[in-house]
Amino acid sequence: GSDSGGKSDADQVRKNYYVRESVGIATGFLIDALHHSGLVTLTHTPKPMLFLNQICERDKSERPYILLVVGYPAESATLPLHAIKKKSLGEISTFI
């Protein structure tokens with residue numbers, strides 16, 4: 001994401017707010033859509049990530065957020081038990 005939103009008609013740089021939050025929400029929607037399409041994802045958020053700017057030849061004002069690897073699952077792919085068995089709503093919440 002980039003904190004600056006480009007230039008307006010008056011050639012003034014506009015400030016974008018909540019960039020990380022917006023990118024995070026959009027990434028969640030993308031991952032959900034990919035999973036519903038039958039694809040699998042692997043996310044990685046190395047720190048620091050700025051090495052990607054050089055590799056991808058991106059401007060220093062842009063900040064990498066996440067590496068997202070996407071593909072089809074192998075025929076022999078399995079899910080860990082904790083990914084299959086979910087707690088009930090009552091186990092994870094308290095209602096007043």
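**A greasy patch and some backbone oddities**

Okay, let's start on the surface: Leu79, Leu81 and Ile84 make a nonpolar patch of about 360 Å². To be in a patch, residues need over 30% relative accessible area and no salt bridge, with like charges joined within 9 Å and nonpolar side chains (Val, Leu, Ile, Met, Phe, Trp, Tyr) within 5 Å. A salt bridge here is a side-chain nitrogen of Lys or Arg within 4 Å of a carboxyl oxygen of Asp or Glu. Areas come from the Shrake-Rupley method with a 1.4 Å probe, and for residues only the protein chains shown count as cover.

Quick heads-up: this is a predicted model, where local features need pLDDT of at least 70 and side-chain atom pairs pLDDT 80 or more, while totals for chains, interfaces and linings use all residues. Numbering runs from 1 along each chain as its sequence is written, and side-chain values use heavy atoms, leaving out hydrogens and water.

Back to Leu79: it's in the loop between β4 (67-71) and α3 (81-84). Helices (H or I, at least four residues) and strands (E, at least two) are DSSP runs, numbered from the N terminus. Is Leu79 buried or exposed? Exposed, at 60% relative accessible area; the cut-offs are under 20% for buried, over 50% for exposed, and partly exposed in between.

Now the backbone. Lys47 and Pro48 are joined by a cis peptide bond, omega about -5°, and Pro48 sits in the loop between β3 (40-44) and α2 (51-55).

Which way does phi go at Tyr18, positive or negative? Positive, near 60°, and Tyr18 isn't a glycine. Tyr18 lies in the loop between β2 (13-15) and α1 (19-36), and is exposed at 63%.

Glu57, not a glycine either, has phi of about 55°. Find Glu57 in the loop between α2 and β4, exposed at 72%.

Key. Buried < 20%, exposed > 50% of the residue type's maximum accessible area, 1.4 Å probe, protein only.
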